[in-house]
Amino acid sequence: MQYKTIVLGILEQRTELYEQLRKSRQLLPTLEALAANLREHHMTLTEWLEEHHPDSDPSQIPSQALELVVKDLEDCLPTAFPQDGPEALSLDQAMAFILSHTSKR
């Protein structure tokens, strides 16, 4: 499974966020962290679906689980972070925000 490719595609769809991460040289660490998180959640959900839906087609369960975790990641990632003003996030705060929202699922 190419989790990094999936995450990169999601980040590229969020142009502002992608550019902020790229310019701050945090794209690769963020990509790797999110890909590891996606993999972990995919494996966990696959196991859960196999256990709780034994009548499902075993060959379809990994695909179903991947669809759900990718949708979950897309839903929790912001399109961009505030750049200026009192609500602006530092890069560390932004990464913490992303990882906290993806690791709770």
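**Helix crossings and burial in a predicted model**

Guide: In this predicted model, helix α1 passes helix α3 in a right-handed crossing.

Visitor: Which residues make the contact between α1 and α3?

Guide: On α1 they are Y3, K4, I6, V7, L8 and L11. On α3 they are L27, L31, E32, L34, A35, L38, R39 and H42. These contact residues divide into ten nonpolar, one polar and three charged.

Visitor: Why is α1 called oblique to α3?

Guide: The axes of α1 (residues 3-13) and α3 (residues 27-52) cross at roughly 120° and come within 8 Å. Angles of 65 to 115 degrees count as roughly perpendicular and those over 145 as roughly antiparallel. The crossing angle of roughly 120° fits neither class, so α1 is oblique to α3.

Visitor: What makes L77 count as buried?

Guide: Its relative accessibility is 5%, and buried means under 20%, so L77 counts as buried. L77 is found in the loop between α4 (61-76) and α5 (91-103). L77 and L11 are 66 residues apart in sequence, with 8.5 Å between their C-alpha atoms.

Visitor: How do you know that the buried residues of α2 are on the same side?

Guide: In α2 (residues 15-23) the buried residues are L17, Y18, Q20 and L21. Around the axis they cover an arc of only 165°, so they lie on the same side of α2. The face turned away from that buried side carries the exposed residues E16 and K23.

Visitor: What phi does R25 take, just after α2?

Guide: R25 has a positive phi of about 60°.

How values were computed. Residues numbered from 1 in each chain as written. Predicted model: local features only at pLDDT ≥ 70, side-chain atom pairs only at ≥ 80, totals over all residues. Heavy atoms only, no water. Helix = DSSP H or I, 4+ residues; strand = E, 2+ residues; numbered from the N terminus. Buried < 20%, exposed > 50% of the residue type's maximum accessible area, 1.4 Å probe, protein only. Arc of directions from axis to C-beta. Axes fitted to C-alpha atoms, helices over the stretch in contact; angles between N-to-C directions. Parallel < 35°, antiparallel > 145°, perpendicular 65-115°, else oblique. Left-handed = near helix turned anticlockwise from the far one by under 90°. Contact = heavy atoms within 4.5 Å. Nonpolar A, V, L, I, M, F, W, Y, C, P; charged D, E, K, R; others polar.
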